[in-house]
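Please open the model in a viewer and keep the selection panel at hand. The tour below proposes one selection after another and says what is found at each stop.

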Amino acid sequence: MHDAARRAQVGRGVPPQAMSITEGQAMSNFSRTQRIRKEVVWTDGGVVAAQHRKAAEVGAAVLAAGGDAMDAAVAISFAVGVVEPWMSGPMGGGMMTLWRAGEQRAETIEFGMRAPAGLDAADYPLEPGRQAADLFPWTRVRDDRNIYGATSVAVPGTVAGMALAHRQYGTRDWGDLLAPAVALAEEGMLLDWYSSLLIASAARQLAQDPDAAALFLADGQWPDIAGWTTASAARLDQRVHADTLRRLAEHGARDFYHGDIGRMLVDDVRAKGGCLSMEDLRSYQAEARAPRTVRYRDAVIHAPSGLSAGAELVTALQQMQAAFDPGDAPSAASYAALASGLGDAYRDRLAHAGDTGESPRAPACTTSFSVVDRHGNMVNVTQTLLSMFGSHVVSGQTGMLLNNGIMWFDPEQGRPNSLAPGKRCLMNVCPTVGQVGDRMFAIGASGGRKILPAVANLVSFMADFGMDLEQAFHTPRIDASAATGTVMDEDLPQDVAQALAALGPVTTARRTVHPYAFAVPAGVMRQAGRNCGATEIMSPWGDAVCEADV
């Protein structure tokens, strides 16, 4: 939504500061007149939209050299693990949904994490009456063994997922695609105010692991960068990470699951108290499957398969289709239908899939990026370590942060998603491809349980109201991931607030840099042979880069 339109909407109701519905909601300290936008450029060439500009540039360079969208995705996956290491990396997992223009076919590649076969649920004793300290409000496990440390590490799948995607669709040499990530790691990630803020937020826990402290902290504290009005030239020392990527580039993904990289990983995890084994790595397989395809009004939506939020996206869209008739722009009725559909989808998920909510303390986590090449091939990849900084443990021999995928499981036994050996993790990721008229798009988001609402909002904006990517990404969103109420962008008018309040408790929030009240999406769009990309407007690092710009 353009600034003038947004101001006009607010003008039809009451000032944003008067829109708080929940009694006792804390007042925000942030400016109410500031408006932030990101330019969306259309081009004949390929485009990458990623949560870090450097990673987007890596993918755009692959496209500029004639690579396929999937070549770019593989290169970005490893590059973003260097420049945004606390969100994702080779030691994590995720999913991608792709579109092959020549075949007019969508597909999902699943590379989620899995509990080690040697895991014993008895090693995660409960503390009844206490709530877990991170993303999910499970009953707390003693010493947070399912959240922090090597006991929280699950079998990683990202490398296997990228290898499968490369075998099926790649056109460039595997080693060449990893070379940019190696170079970025040799150089080391630049420490600016944003990275320092994120490291500072996790400094206490990072200090508990000597290898994590050595990589991210200075004397047990966050990095010592320049003052708040000056620039910094400080960088992380990621040379060990670079060595591991170089070996992976030279020897291929097999080395991660059958060779020396795998042995280094297993040795480090077991030395720190975890139970990961070489057999866990050898038996891991990424899988390619048909997506959940559904018609929504005049659109065709390809939601991800498997243990993702794809089923809930389909449920929400089906309910929305019957709940309101679209007009020219989002309305109180459309937002209420969206909130109701998401609420019902989440309540079903809670009852049957085992994801029992997300803590209000939950930090932003995961990374998502989208690619479209000049031929119209598309992919959205959403990959994660789960929590921000994952297990807060670094594998010293590989130089990489480890996931905390065990936290995805309910530590109480007898529930749909209870912790068990060898079990696959239920994820919130929702990489989605869709077609509305002559427009194709690939979107996804990061942000835990906030991912599904963000994707559903954007699908509705484009399918119900004919918005292009720029309009959709600038339009205020709602989040109904709690299933018991709604968080509403305070730029929305009072009639929306009233419609949402009829469904349950409503709170208002601004889109800010940290913490994110809403998820952090990234997407690309194609129309009439031209492409564009967009990222969350509040993300200071996220950007869309055209192949002509590198």
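Which residues form one aromatic cluster? Select W86, W193, Y194, F216, F389 and W541, for these are its members. Please keep in mind throughout that the model is a predicted one.

**Stop 1: aromatic rings**

The structure as a whole contains 11 aromatic pairs. Begin with F216 and F389, whose rings are arranged edge-to-face, with 5.3 Å from centre to centre and 85° between the planes. F216 belongs to helix α8 (residues 210–216), whereas F389 lies in the loop between β10 and β11 (394–395), so this pair ties together parts that are 173 residues apart in sequence. Both F216 and F389 are buried.

Select Y257 and Y284 next. Their rings form a stacked pair, 5.9 Å centre to centre, with 15° between the planes. Because Y257 is in helix α10 (residues 254–258) and Y284 in the loop between α12 (278–282) and β6, the contact ties together parts that are 27 residues apart in sequence. Y257 has a relative accessibility of 5% and therefore counts as buried; Y284, at 3%, likewise counts as buried.

Two further rings have a charge over them. The charged end of R145 is placed over the ring of Y124, at 5.9 Å from its centre. In the other case, the charged end of R297 sits over the ring of F324, 4.6 Å from its centre.

**Stop 2: the open sheet**

Now switch to a cartoon view and colour the strands. An open sheet is formed by 7 strands, in the order β6-β3-β2-β10-β9-β1-β20, and the pairing is antiparallel. The edges are taken by β6 (287–289) and β20 (543–546); each has a single partner strand, so one side of each is left without a neighbour in the sheet. On average, neighbouring strands of this sheet are turned by 15° against each other, direction ignored.

Within the sheet, select β9 (residues 367–372) and β10 (residues 378–384). These antiparallel strands are joined by 6 bridges. V372 is found opposite M378 of β10, and V371 has V379 of β10 as its bridge partner.

Helices pack on this sheet, among them α3 and α4. Helix α3 (residues 69–83) touches β1 (47–50), β2 (93–100), β9 and β10, and its direction makes about 155° with that of β9. Helix α4 (residues 158–169) touches β2, β3 (105–111), β6 and β10; the direction of α4 makes about 150° with that of β3.

**Stop 3: strand β10**

Return to the link between β9 and β10. The two strands form a hairpin with 5 residues between them, and G376 in the turn has a positive phi of about 95°. Strand β10 is also joined to β2, by 7 bridges, and these two run antiparallel. One place to look is M95, whose bridge partner in β10 is T382.

Is β10 enclosed or open? Of its 7 residues, 7 are buried, so the strand is largely enclosed by the rest of the structure. Show its side chains: M378, N380, T382 and T384 point one way, V379, V381 and Q383 point the other way, and all are buried.

**Stop 4: the nonpolar cores**

Which residues touch the most other members of the largest nonpolar core? In this core of 92 residues, they are F78, W86, M96, W174, F216, V371 and F389. Helix α3 supplies the largest share of the core, with 12 residues.

Centre the view on M96. Beyond its neighbours within four places in sequence, M96 is in contact with residues including M70, E107, I109, F111, M162, A165, V379, V381 and P431. Apart from the largest core lies another, of 53 residues, among them A299, A345, F461 and I478.

**Stop 5: A203**

For the last selection, choose A203 in helix α7 (residues 203–206). Its relative accessible area is 7%, so A203 is buried. Leaving aside neighbours within four places in sequence, A203 is in contact with L217 and W222. Finally, add H392 to the view: A203 and H392 are 189 residues apart in sequence, and 9.4 Å separates their C-alpha atoms in space.

Definitions and conventions:
Residues are numbered from 1 along each chain as its sequence is written. This is a predicted model: local features need pLDDT of at least 70, side-chain atom pairs count only at pLDDT 80 or more; totals for chains, interfaces and linings use all residues. Side-chain values use heavy atoms; hydrogens and water are left out. Two strands pair if DSSP finds at least two bridges between them. Helices (H or I, at least four residues) and strands (E, at least two) are DSSP runs, numbered from the N terminus. Axes are lines fitted to C-alpha atoms, for helices over the stretch in contact, and angles run from 0 to 180 degrees between N-to-C directions. Contact means heavy atoms within 4.5 Å. A nonpolar core is a set of buried Ala, Val, Leu, Ile, Met, Phe, Trp, Tyr and Cys residues joined through side-chain atoms within 4.5 Å. Buried means under 20% relative accessible area, exposed over 50%, partly exposed in between (1.4 Å probe, protein chains only). Rings of Phe, Tyr and Trp (its six-membered ring) pair if their centres lie within 6.5 Å; planes under 30 degrees apart count as stacked, over 60 as edge-to-face and the rest as tilted. A charge sits over a ring if NZ of Lys or CZ of Arg is within 6 Å of the ring centre and within 35 degrees of the ring normal.
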